[in-house]
Amino acid sequence: MVPQQAAGIRLAFPDVGEEELAEIAAVLETGQLTMGPKVEEFETLLAAAAGTQHAAAVSSGTAALHLAVLALGIGEGDEVLVPAYTFPATANVVALAGGRPVLVDVDPVAMNIDPEDAARRVTARTKAVLAVHLFGRPARLEELPDVPVLEDAAGALGAAHRDRPCGSLGLLACFSFHPRKIVTTGEGGAVTTDDPLLDERMRSLRHHGWSPSSAYDDMPVPAFNYRLSDVLAALGIPQLRRLDELLAARARIAAGYAERLAHLDVVLPAADPGDRHGWQAYVVQVDRRDEVMAALRAQGIGCQIGTYALHRLGAYGDQGPFPGADAAFERALALPLHGRLTDGELDRVADALDKLVSHH
Ligand SMILES: Cc1ncc(COP(=O)(O)O)c(C=O)c1O
């Protein structure tokens, strides 16, 4: 008899189904696939979840970051502080706006921006800090130097810092709805803010520069088509409606891992006391990460590095040493995290790790 191969365990699986299909079908029936009412409905639900007055949907998290940086007028000669350990888009948008992303080291355990290192890197040219709530863990924004704060909340929908939702803490905040995020539109993003003028600037910049308040007869600035289609907004609407449920499902998986891995030499992710983690990813830290990752994959367990140390990329290789980002980059390991994971699958991941890392 051929031995049965255990089915693989996926790293991520978007929580979409019948409700999403029905919403999309309804859009197709109207014949209006973009610039229709679904984007507005999506934006209203998102603003409520993020605790802001406004939300402007765009075509990706990267587009959201790009527009946020442009809306603040960042350009030639301006510096923006960004963490050295993040998805590269966080820094790319600053560079593409003509500014200089100034890398700041991260706390090697929390993996978020280190406020003390940020303070050391402020100059007369510093225009903003682009702080990331990495993997859904809220960053300590109140400890950052006194410059305008933009949130890269790409993975922090549903997270909260000191009882305030991530996305409502900075001047502007950017979300991503990529399929590895808690709410997905396939590709998509949004910028949230309480400032009506900044929101209007977003709406203009995502739509070629047409001014929303001047009934399309003027284009004060040249800009992009970064719109989100109604088809994709419709996909996200049912997920936003059940965001609490989606968060609870992920928190249950995180608690399941924490219980099963407590005896191992593995740094487990957690939010600061009183904060709510958004659980975009469940990222542990281990010694010999590459070896552990390869062994898990060989057993059909989907896993991935955390994210990137920017100073180790060609684009940002000239900014000196970042020991916190190095440690995070070398040790971070994302484990399977999605609502379909069963207790049996969590046991399988934990048993595999038990044999790969030492106990304490
Ligand atoms: C921290 C962070 N910033 C920005 C992005 C970019 O988002 P998108 O993939 O939607 O462009 C991501 C997505 O992976 C991210 O994790």
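**Exercise 1. Find which residues surround the ligand, and what classes they belong to.**

Start with the count: 14 residues surround the ligand, and G61, T62, F87, A154 and S176 are the closest. Here a residue is near a molecule if its C-beta atom, placed from the backbone, lies within 6 Å of it. Before going on, keep in mind that this is a predicted model: local features need pLDDT of at least 70, side-chain atom pairs count only at pLDDT 80 or more, and totals for chains, interfaces and linings use all residues. Residues are numbered from 1 along each chain as its sequence is written.

Next, look at the elements. α3 (61–71) and α4 (89–96) each supply at least two residues of the shell; helices (H or I, at least four residues) and strands (E, at least two) are DSSP runs, numbered from the N terminus.

Finally, sort by class: the shell has four nonpolar, nine polar and one charged residues. For this sorting, Ala, Val, Leu, Ile, Met, Phe, Trp, Tyr, Cys and Pro count as nonpolar, Asp, Glu, Lys and Arg as charged, and the others, Gly among them, as polar.

**Exercise 2. Work out how the chain is divided into domains and what each gives to the contact.**

Take the bounds: domain 1 covers 18–239 and domain 2 covers 243–356, as set by an automatic or database domain assignment. Their C-alpha centres lie 24 Å apart.

Now the contact itself, which takes 33 residues from domain 1 and 34 residues from domain 2. Two residues are in contact if their C-beta atoms, placed from the backbone, lie within 7 Å. On the domain 1 side, β3 (85–86) and β7 (160–161) are the elements giving two or more residues. That side divides into 20 nonpolar, seven polar and six charged residues.

**Exercise 3. Locate the largest nonpolar core and say why it lies between the domains.**

Begin with its size: the core has 113 residues, and V58, A64, L67, A68, V69, V191 and Y282 have the most contacts inside it. A nonpolar core is a set of buried Ala, Val, Leu, Ile, Met, Phe, Trp, Tyr and Cys residues joined through C-beta atoms within 7 Å. Buried means 20 or more other C-beta atoms within 10 Å of a residue's own; exposed means 12 or fewer, and partly exposed is in between.

Then see who contributes. Helix α3 gives the largest share, eight residues. Domain 1 and domain 2 both give residues, so the core lies between them.

**Exercise 4. Follow A64, A68 and F175 to their contacts.**

First, A64: this residue is in helix α3 and is buried, with 32 other C-beta atoms within 10 Å. Leaving aside neighbours within four places in sequence, A64 contacts V58, C174, F175, G189, A190 and V191.

Second, A68: with those close sequence neighbours again left out, the contacts are L150, L172, C174 and V191.

Third, F175: look for this residue in strand β9 (residues 172–176), where F175 counts as buried with 31 C-beta neighbours inside 10 Å. Beyond four places in sequence, F175 touches several residues, including G61, A64, A154 and A190.

**Exercise 5. Identify the buried residues of helix α10 and what covers them.**

In α10 (residues 323–331), pick out G324, A325, A328, F329 and R331 as buried. Their cover includes β3, β11 (282–285), α9 (289–298), β13 (308–309) and β14 (332–335).
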